[in-house]
Amino acid sequence: MASTELLDATFAALADPTRRAILARLATGEATVTELAAPFEMSQPAISKHLRVLERAGLVSRGRDAQRRPCRLEARPLREATAWLADYRDYWVQSYKRLDALLDELQSLDRTDTARRPAGPDGTSE
């Protein structure tokens with residue numbers, strides 16, 4: 001799968017809260033479909049459908065351990081999504097720095113303006 005397609009599949013898989021919860025559970029260790037289905041009010045076939053989406057995105061793999069078919073988290077697509085998002089985090093950091101500079105400038109102008117105002121009849125500036 002090309003990098004762009006993998007990124008698209010990753011974000012599509014992460015769009016669903018059930019799939020995010022499955023990934024969170026798998027981050028603690030491998031689990032079977034039965035174990036993954038336990039906290040949800042849905043059938044095992046429904047969980048299996050979610051797992052297929054996660055597998056197509058490369059986020060989950062299934063192994064074989066005798067009769068057991070444990071699912072495990074595959075983190076590489078998440079690392080690539082995080083790297084892609086990091087570029088936008090840098091954009092927002094720079095935007096916030098510009099906003100902070102503007103606020104400092106406006107507060108400085110406000111303090112200068114307040115200091116120049118003549119005192120009113122009660123001794124305070126208006």
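Which side chain meets that of Glu35 in a salt bridge? I looked this up first, keeping in mind that the model is predicted.

**Entry 1: Glu35 and its partner**

I found that the side chain of Glu35 meets that of Arg68 in a salt bridge, with 3.9 Å from N to O. The pair links distant parts of the chain, since Glu35 sits in helix α3 (residues 33-37) and Arg68 in the loop between β1 (60-62) and β2 (71-73), 33 residues apart. I noted that Glu35 has a relative accessible area of 38% and is therefore partly exposed, and that Arg68, at 30%, is partly exposed too. I then followed the pair outward and found Glu30, Glu35, Arg68 and Arg72 linked in a network of salt bridges.

**Entry 2: other salt bridges**

I counted five salt bridges by the rule used here. One of them joins the side chains of Glu55 and Arg62, at 3.3 Å from N to O; Glu55 is partly exposed with a relative accessible area of 29%, and Arg62 counts as partly exposed at 24%. I also looked at Glu80, which forms a salt bridge with Arg76, their closest N and O atoms being 2.7 Å apart. Both residues lie in helix α5, four residues apart, or about one turn of the helix. Glu80 counts as partly exposed at 28% relative accessibility, and Arg76 is partly exposed at 45%.

**Entry 3: α1 against α5**

I next asked how α1 and α5 pack, and I read an angle of about 95 degrees with the axes 10 Å apart. The two helices are therefore roughly perpendicular to each other. On the α1 side I listed Ser3, Leu6, Leu7, Thr10, Phe11 and Leu14, which meet Arg76, Pro77, Leu78, Glu80, Ala81, Trp84 and Leu85 in α5. I marked Arg76 and Glu80 in this list, as they are also the two residues of the salt bridge within α5.

**Entry 4: Asp16 and His50**

Is Asp16 buried or exposed, and how far away is the nearest side chain of opposite charge? I found Asp16 in the loop between α1 (3-14) and α2 (17-26), where it is buried yet has no salt bridge. Arg19 is the nearest side chain of opposite charge, at 4.4 Å, and because a salt bridge requires the atoms to be within 4 Å, I did not record one for this pair. A polar atom of the Asp16 side chain does lie 2.8 Å from the backbone nitrogen of Thr18.

I ended with His50 in helix α4 (residues 44-56), which counts as buried at 13% relative accessibility. Leaving out residues up to four places away in sequence, I found that His50 touches Asp16, Thr18, Arg19, Ile22 and Met42.

Key:
Residues numbered from 1 in each chain as written. Predicted model: local features only at pLDDT ≥ 70, side-chain atom pairs only at ≥ 80, totals over all residues. Heavy atoms only, no water. Buried < 20%, exposed > 50% of the residue type's maximum accessible area, 1.4 Å probe, protein only. Contact = heavy atoms within 4.5 Å. Lys, Arg positive; Asp, Glu negative; His and termini not counted. Polar contact = N/O pair within 3.5 Å; in protein donor to acceptor, adjacent residues only side chain to side chain. Axes fitted to C-alpha atoms, helices over the stretch in contact; angles between N-to-C directions. Parallel < 35°, antiparallel > 145°, perpendicular 65-115°, else oblique.
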